[in-house]
Amino acid sequence: MSETSRTRTGDRDISPADGAGCRGFFPADEAEADDAFLIERSRREPEVFAGVFHRHAPEIKRYVTRRLGADAAEDVVADTFLAAFRGREGYDPSQPSARPWLYGIATNLIRRHKRVEVRQLRVLEQTGVDPVTVPFTERSDERLSAGAVRRRLAAALAKLPAGHRDVLLLVTWGGLTYVEAAQAMDIPVGTVRSRVNRARSKVRGELGGVDPTSVSEETFHE
């Protein structure tokens, strides 16, 4: 093999065959590699998958905690990345970012805790006290002034069908695009658009005309 057909990473020579399906070569800095590259490489070197975990775990944990609380989130996030690691052989290498894939796994696991999520929303609706954020936040009069909005939003979210709540929160709290939400949920983009529109309409009614997509996750933390 000629020198032009090889590159070097650390002390190891890498040939194009080593990176088949991942553009041929390993970049010198793994921090610059996209998720598809890391996942492909982790099929041969499992420890490389840690890069995907460190890149996305904080965001996934924040999202799951917002929906289920800290206690349940620890298990859900751990199970999310365990499932991702075990299923990495089936990852589509044409998708450079694993973010939608990971959100989809997390959302499916959140569904197992549907009662926990709805119960927390009902607590917020009835008392104005968010059981997720109250352990971490000092409640000032200014923060409590937004309580009415939080209570109405909690009531509206609790009433939504699970599938509609999932896509709405993936878009508003997870920050996914419609296309990414469709990838996460493995449903057509048109279905995502329809569910979000219906969810927005229902929640808007509860909020007195306020667009729910403008009510971010931070509404619960103000």
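In which helix is Lys61 found? The exercises below work on a predicted model, and the first one starts from this residue.

**Exercise 1. Place Lys61 and Arg62, and relate both to Val77.**

Step 1. Lys61 is found in helix α2. Arg62 is also a residue of helix α2.

Step 2. Buried means under 20% relative accessible area and exposed means over 50%, with partly exposed in between. Lys61 has 35% relative accessibility, so Lys61 counts as partly exposed. Arg62 has 44% relative accessibility and therefore counts as partly exposed.

Step 3. Along the chain, Lys61 and Val77 are 16 residues apart, and 5.9 Å separates their C-alpha atoms. For Arg62 and Val77, 15 residues apart along the chain, the C-alpha separation is 9.6 Å.

Step 4. Setting aside residues up to four places away in sequence, Lys61 touches Glu74 and Val77.

**Exercise 2. Describe the fold of the protein chain in terms of its elements, burial and contacts.**

Step 1. Count the elements: the protein chain has 10 helices and two strands.

Step 2. Read their order. From the N terminus on, the pattern is β-β-α-α-α-α-α-α-α-α-α-α.

Step 3. Turn to burial. The protein chain has 222 residues, and 44% of them count as buried. The exposed area of the protein chain is about 11200 Å², with 51% of it supplied by carbon and sulfur atoms.

Step 4. Consider contacts with a separation of 6 or more. In the protein chain, 59% of these come from residues 24 or more positions apart.

**Exercise 3. Decide whether α1 is enclosed or open, and name what α1 packs against.**

Step 1. List the buried residues of α1: Asp35, Ala36, Phe37, Leu38, Ile39, Glu40, Arg41 and Ser42.

Step 2. Compare with the length of the helix. Eight of the eight residues of α1 are buried, so α1 is largely enclosed by the rest of the structure.

Step 3. Identify the partners. The buried residues of α1 pack against α2 and α4.

**Exercise 4. Classify the aromatic pair Phe49 and Phe85, and say which parts of the chain this pair ties together.**

Step 1. The number of aromatic pairs is four. A pair of aromatic rings is described by the distance of the centres and the angle of the planes.

Step 2. The ring centres of Phe49 and Phe85 are 5.5 Å apart and the planes stand at 75°, so this pair is edge-to-face. The cut-off used here is a plane angle over 60 degrees.

Step 3. Phe49 lies in the loop between α1 (35–42) and α2 (50–68), while Phe85 lies in helix α3 (residues 70–86), so the pair ties together parts that are 36 residues apart in sequence.

Step 4. Phe49 has 5% relative accessibility and so counts as buried. Phe85, at 27% relative accessibility, counts as partly exposed.

**Exercise 5. Characterise the largest pocket by volume, lining and residue class.**

Step 1. The largest pocket holds about 190 Å³ of space.

Step 2. Its lining consists of 13 residues, and those nearest the centre are Tyr91, Pro100, Trp101, Gln183 and Ala184.

Step 3. Two elements, α4 (99–110) and α9 (178–185), give two or more residues to the lining of the largest pocket. Of the elements, α4 gives the most, with five residues.

Step 4. Sorted by class, the lining of the largest pocket has six nonpolar, five polar and two charged residues.

**Exercise 6. Compare the settings of Ala83 and Ala199.**

Step 1. Ala83 has its place in helix α3, and Ala199 has its place in helix α10.

Step 2. With 36% relative accessibility, Ala83 counts as partly exposed. Ala199 has a relative accessible area of 0% and is buried.

Step 3. Ala83 is 22 residues from Ile105 in sequence, with a C-alpha to C-alpha distance of 7.5 Å. Ala199 is 42 residues from Leu157 in sequence, with a C-alpha to C-alpha distance of 8.5 Å.

Step 4. Apart from neighbours within four places in sequence, Ala199 is in contact with Leu160, His164 and Leu168.

**Exercise 7. State what is notable about the backbone of Asp186, and where this residue lies.**

Step 1. Most residues other than glycine have a negative phi. Asp186 is not a glycine, although its phi is positive, about 55°.

Step 2. Asp186 is found in the loop between α9 and α10 (189–206).

Step 3. The relative accessibility of Asp186 is 70%, so Asp186 counts as exposed.

Definitions and conventions: Residues numbered from 1 in each chain as written. Predicted model: local features only at pLDDT ≥ 70, side-chain atom pairs only at ≥ 80, totals over all residues. Heavy atoms only, no water. 1 Å grid on protein atoms, 1.4 Å probe; cavity = no way out; pocket = protein on both sides within 12 Å on 5 of 7 lines; lining within 4 Å. Points joined across faces, edges and corners; volume = space filled by probe spheres on them. Helix = DSSP H or I, 4+ residues; strand = E, 2+ residues; numbered from the N terminus. Nonpolar A, V, L, I, M, F, W, Y, C, P; charged D, E, K, R; others polar. Buried < 20%, exposed > 50% of the residue type's maximum accessible area, 1.4 Å probe, protein only. Contact = heavy atoms within 4.5 Å. Areas by Shrake-Rupley, 256 points an atom, 1.4 Å probe, with all protein chains shown as cover. Phe/Tyr/Trp six-rings, centres within 6.5 Å; stacked < 30°, edge-to-face > 60°.
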